[in-house]
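Please open the structure in your viewer and keep the selection panel at hand. The tour below moves from one selection to the next and says what is to be found at each stop.

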Amino acid sequence: MPEAVAHDVYESIGAAVAAHGLVLRGGFRPAEGDAVPTGARGMATATVLMIGNTGGALWPAFKAARHVEANPLDRWVARVIEPIASAHGARAVYPYDTPPQPFQRWAKRAWPLHASPLGLLIDAEYGLWHALRAALLFAEPIAVPALPSVASPCDACVGKPCLTACPIGAFTAAGFAYQDCRAYLPTAAGASCFLTGCKARAACPVGRAHTYPPAQLAFHMQSFSGMTRQTTDV
Ligand code: B12
Ligand code: SF4
Ligand code: SF4
């Protein structure tokens with residue numbers, strides 16, 4: 001018998017998250033190696049839908065609804081996503097879960113994203129100005145858009161300015177020296193990064209029109225500066 005695939009769920013979830021400035025970023029059927037946990041009602045996960053934010057769309061919705069609390073962005077996302085997950089029979093998991101779920105790996109399965117030299121995933125349209133906020137795990141097969149083949153913008157990037165823009169050279173062949181970055185942010189010299197955002201991220205020419213608004217850039221940098229594995233307000 002052919003597999004029964006639900007065809008309206010993707011559109012319904014897309015509309016529900018868009019009402020909060022979030023965006024559905026594709027989906028996939030888990031395979032071996034994806035390390036997807038069990039989903040709704042403790043059953044094996046048949047479909048994963050990825051939810052994120054792109055450009056500045058999230059900021060006005062979050063700003064209007066945020067509470068005064070620790071990790072306000074993570075908490076707001078959970079308040080938005082939990083009712084949507086429950087109305088659609090899904091289990092929500094979040095990038096700050098412990099141990100961390102491989103959100104970047106999953107995002108690449110769902111949307112044509114590529115690893116950039118900074119560690120962030122790059123999007124051909126939004127550049128580095130996007131992030132992942134939740135994944136919905138369904139026990140049922142759900143129709144999802146096919147994953148198109150799109151080349152990484154980094155392949156054709158002459159000079160790779162992201163790698164030379166950091167004032168303390170935090171990106172090296174050994175990886176991202178995030179402890180050095182964090183130590184630099186509260187200093188007088190680091191105030192510009194702390195208040196206006198990461199210069200390496202801003203140096204990327206892709207998706208510049210979608211750079212986060214100044215208040216969002218400052219919010220993420222301040223969250224990153226105190227970031228623990230328990231928050232992804234970044
Ligand atoms: C821990 C963590 C960090 C740690 C990493 C330290 C460490 N050595 O563990 C630190 C504190 C450095 C960090 C920093 C940042 N992070 Co971070 N981080 C995470 C987190 C919570 C877990 C990563 C993990 O361990 N995954 C587990 C493995 C198994 O998952 P995986 O997908 O298979 O593995 C991928 C990652 O490890 C990645 N990777 C490897 N090296 C690096 C280095 C950096 C800098 C990054 C960002 C990723 C990365 O490549 C792997 C293959 O795709 C993820 C959320 C998540 N659950 O994935 C966010 C996440 C990766 N971070 C994110 C972001 C945005 C940042 C910051 C830019 C925050 C900011 N300032 O705004 C910074 C980068 C620094 C800067 N100056 O701007 C985003 C990336 C979005 C994207 N476009 O890809 C994520 C997905 C969270 C989110 N809400 O979307 N992060
Ligand atoms: S500056 Fe170039 S190499 Fe760096 S992330 Fe942007 S496109 Fe990729
Ligand atoms: S925030 Fe500033 S110091 Fe930290 S990696 Fe980005 S450019 Fe370098």
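## The ligand and its surroundings

Select ligand 1 first: domain 1 (9-138) and domain 2 (153-225) both give residues to the shell around ligand 1, so the ligand lies between them. Bear in mind throughout that this is a predicted model, so that every distance and angle quoted on the way is a value computed from predicted coordinates.

Now expand the selection to the surrounding residues, of which there are 28, with Pro-95, Gln-101, Gln-104, Leu-121 and Leu-132 coming nearest to ligand 1. If you colour this shell by class, you should find 17 nonpolar, six polar and five charged residues. Which secondary-structure elements each supply at least two residues of the shell? They are α4 (103-110), β6 (130-138), α5 (178-184) and α8 (214-225).

Three polar atom pairs deserve a distance label while ligand 1 is still selected.

- Select the side chain of Gln-104, where an N or O atom is 2.8 Å from an oxygen atom of ligand 1.
- Move on to the backbone of Arg-105, which has an N or O atom 3.0 Å from an oxygen atom of ligand 1.
- Finish with the side chain of Arg-133, which places a polar atom 3.5 Å from a nitrogen atom of ligand 1.

## Along helix α8

Stay with α8, which is one of the elements supplying at least two residues to the shell, and select Leu-217, which lies in this helix. Is Leu-217 buried or exposed? With a relative accessible area of 13%, Leu-217 falls under the 20% limit and is therefore buried. Add Cys-198 to the selection: the two residues are 19 apart along the chain, and their C-alpha atoms are separated by 8.3 Å.

Just before this helix, in the loop between α7 (199-202) and α8, select Pro-205, which counts as partly exposed at 45% relative accessibility. Adding Pro-153 shows a pair that is 52 residues apart in sequence and 9.7 Å apart in space, taken from C-alpha to C-alpha.

## Helix α3 and the loop before it

Next, select residues 72-87, which form helix α3; its 16 residues reach 23 Å from the first C-alpha to the last, close to the 22 Å expected at 1.5 Å a residue. Follow the helix to Ile-81, where there is a kink of about 25 degrees, shortly before the proline Pro-83. Colouring by accessibility brings out the buried residues of α3, among them Leu-73, Trp-76, Val-77, Val-80, Ile-81 and Ile-84. An α-helix has 3.6 residues a turn, so residues three or four places apart point the same way.

Step back into the loop between α2 (58-65) and α3 and select Asn-71. Its phi is near 50 degrees, a positive value in a residue other than glycine, and Asn-71 is partly exposed, with a relative accessible area of 26%.

## Strand β5 and a buried aspartate

Select Asp-123, which lies in strand β5 (residues 121-123) and is buried, with a relative accessible area of 5%. What does its side chain contact? A polar contact of 3.4 Å joins the side chain of Asp-123 to that of Trp-111, and a polar atom of the Asp-123 side chain also lies 2.9 Å from the backbone nitrogen of Tyr-126.

## Backbone details in the loops

In the loop between β3 (91-93) and α4, select Pro-99 together with Thr-98, and inspect the peptide bond that joins them, which is cis, with omega about -10 degrees.

The loop between β6 and β7 (171-172) offers two more stops, and Lys-160 is one of them. Lys-160 has a positive phi of about 40 degrees although it is not a glycine, and at 28% relative accessibility this lysine counts as partly exposed. Glu-140 is found in the loop between β6 and β7 as well, where it counts as partly exposed at 31% relative accessibility. To close the tour, add Thr-45 to the selection: Glu-140 and Thr-45 are 95 residues apart in sequence, while their C-alpha atoms are 7.4 Å apart in space.

Terms used: Residues numbered from 1 in each chain as written. Chains lettered and ligands numbered in written order. Predicted model: local features only at pLDDT ≥ 70, side-chain atom pairs only at ≥ 80, totals over all residues. Heavy atoms only, no water. Near = heavy atom within 4 Å. Polar contact = N/O pair within 3.5 Å; in protein donor to acceptor, adjacent residues only side chain to side chain. Helix = DSSP H or I, 4+ residues; strand = E, 2+ residues; numbered from the N terminus. Nonpolar A, V, L, I, M, F, W, Y, C, P; charged D, E, K, R; others polar. Domains from an automatic or database assignment. Expected span 1.5 Å × (residues − 1). Bend = angle between axes of the 7 residues up to and from the residue. Buried < 20%, exposed > 50% of the residue type's maximum accessible area, 1.4 Å probe, protein only.
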